[in-house]
Number of protein chains: 2
Amino acid sequence: MSVPTDESPVTAAMLAIGDELLSGRTKDANIAHLAATMTAVGIDLKEVRIVADDEAAIVEAVDALRKRYRYVFTSGGIGPTHDDITADAIARAFGVPCRHDDRAMAVLAEHYRGRGVAFTEARQRMARMPEGSEPIENRVSKAPGFRIGNVHVMAGVPSVFQAMLDAVLPTLQTGGTVHARAIASPFGEGDIAAPLAEIQKEHPKVSIGSYPRFRDRNFSLEIVLRSRDEAALAAAEDAVRDMLEHR
Amino acid sequence: MSVPTDESPVTAAMLAIGDELLSGRTKDANIAHLAATMTAVGIDLKEVRIVADDEAAIVEAVDALRKRYRYVFTSGGIGPTHDDITADAIARAFGVPCRHDDRAMAVLAEHYRGRGVAFTEARQRMARMPEGSEPIENRVSKAPGFRIGNVHVMAGVPSVFQAMLDAVLPTLQTGGTVHARAIASPFGEGDIAAPLAEIQKEHPKVSIGSYPRFRDRNFSLEIVLRSRDEAALAAAEDAVRDMLEHR
């Protein structure tokens, strides 16, 4: 259940792009980072998709997401090699040509000149973006991401993804902060499900989740309350603690 | 790029369900496990989606995925509490009622009797599944998952998800195994992108990916070759190694 809100929330979706995520070779680290960052600034991450380095799959997913959510963030596929097809796919989704961006070319030319490295045609590929895009700064390795419309196209390497997200954050409309409380339950879900459901009904401004863990042959249970309304959150927390104390 | 195949590949998709994945509170562990398992048995995982504990979102995603891929695997939302709505959502997607399954009720009744724990109405909720489902065994904590049509509904707790996937695997049609080779490149992507693209063109049965990492202020590059055809894979590997040696 999404966190209830009085005002219309700012929504976001993510599209992680890359064969290596779907083959199991690489364990994605960007989804969790984006999720935590969106929560911290009060934006509701509503959906994530992972697709392969496949143009049709990228186009379809980005089109579905950009029409539905306020912001879309993509990761992966913007390097210089033949399997980096994200910029072309995004251009196709927006129906515009993909071309070398002058600003990105200047940044990269200077970067490689400074390192004494040839600014090859392959490296110039990293300056390609759909017409009408704005570059997203990359303080880690220079090759920029880009924003077109509400879609932010960023790198798959986690340190670069994070740097690009840092660069993007000040440009985003943010929502009210979501506050959270976690309460350890000494009882299993089956023992408290009924009273917990009652508390959820009585506290509609709070989203109450119940998260069991199984470790070392033992279950533990955490009850998590989330709300943008601190008073409503405190009242729901009291109700849950009272329920747990009197079982 | 998907791994090319002569025969029609067996495809799969995953739907991970849970607010906690989108808020950043929980880092998903099931996607990477499913991805590695599918690769090991030769099934192509083509798409993953993550949605909240929201019936409409679950219904829409599962409907989109089940019509497009041979198998769908879901994780999360099948416990006894009010926020566990996956069984109802899947029933709605299939247009059938959700009801207590006699086999699941028997397994759970015996389990709780043996532990001297009350088989509460909340715990009985874990025996609910869409009409026409087959239970999926859970050797960790007994409460079963279920399969309806091509959709396999499994728990979100990783040890339980893994146990359920183990139970499901023998029932799946599997494809030819995908073989992989990883080659460390002493050169950056920008230096080898052009010859690597040539090699990709000359070896259409092999999928060639290039994966940079940035750690401790240093980039490293791994070239990964994947194919169901071992001879084609060996030829492409020779071509890549030869290219790297003669730069």
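By what turn, and with what shift along the axis, can chain A be laid on chain B? In this predicted model, a turn of 180° with a shift of 0.0 Å along the axis lays chain A on chain B with an RMSD of 0.0 Å, which is the relation of a two-fold axis. Within chain A, the C-alpha nearest that axis belongs to A:R49, at 2.2 Å from it.

The contact between the chains draws 61 residues from chain A and 61 residues from chain B, and because 100% of the interface residues of chain A are also interface residues in chain B, the copies meet through the same surface. The size of an interface is often given as the accessible area lost when the parts come together. Here chain A and chain B bury about 4,900 Å² between them, with 55% of it on carbon and sulfur atoms. On the side of chain A, the residues that lose the most area to chain B are A:L22, A:R25 and A:H82, which together account for 13% of what that side buries. Between chain A and chain B the count is 6 salt bridges; the side chains of B:R25 and A:E222 meet in a salt bridge at 3.5 Å, N to O.

A search of the whole structure finds 6 cavities of 30 Å³ or more, and the largest cavity holds about 180 Å³ of space. This largest cavity is lined by 14 residues, of which A:K27, A:D28, A:I31, B:D28 and B:I31 are the closest to its centre. The elements giving two or more residues to its lining are α2 (30-41) of chain A and α2 (30-41) of chain B. By class, the lining of the largest cavity comprises 8 nonpolar, 2 polar and 4 charged residues.

How values were computed. Residues numbered from 1 in each chain as written. Chains lettered and ligands numbered in written order. Predicted model: local features only at pLDDT ≥ 70, side-chain atom pairs only at ≥ 80, totals over all residues. Heavy atoms only, no water. Least-squares fit on C-alpha atoms with pLDDT ≥ 70 in both. Contact = heavy atoms within 4.5 Å. 1 Å grid on protein atoms, 1.4 Å probe; cavity = no way out; pocket = protein on both sides within 12 Å on 5 of 7 lines; lining within 4 Å. Points joined across faces, edges and corners; volume = space filled by probe spheres on them. Helix = DSSP H or I, 4+ residues; strand = E, 2+ residues; numbered from the N terminus. Nonpolar A, V, L, I, M, F, W, Y, C, P; charged D, E, K, R; others polar. Buried area = accessible area lost by both parts, 1.4 Å probe. Salt bridge = Lys/Arg side-chain N within 4 Å of Asp/Glu carboxyl O.
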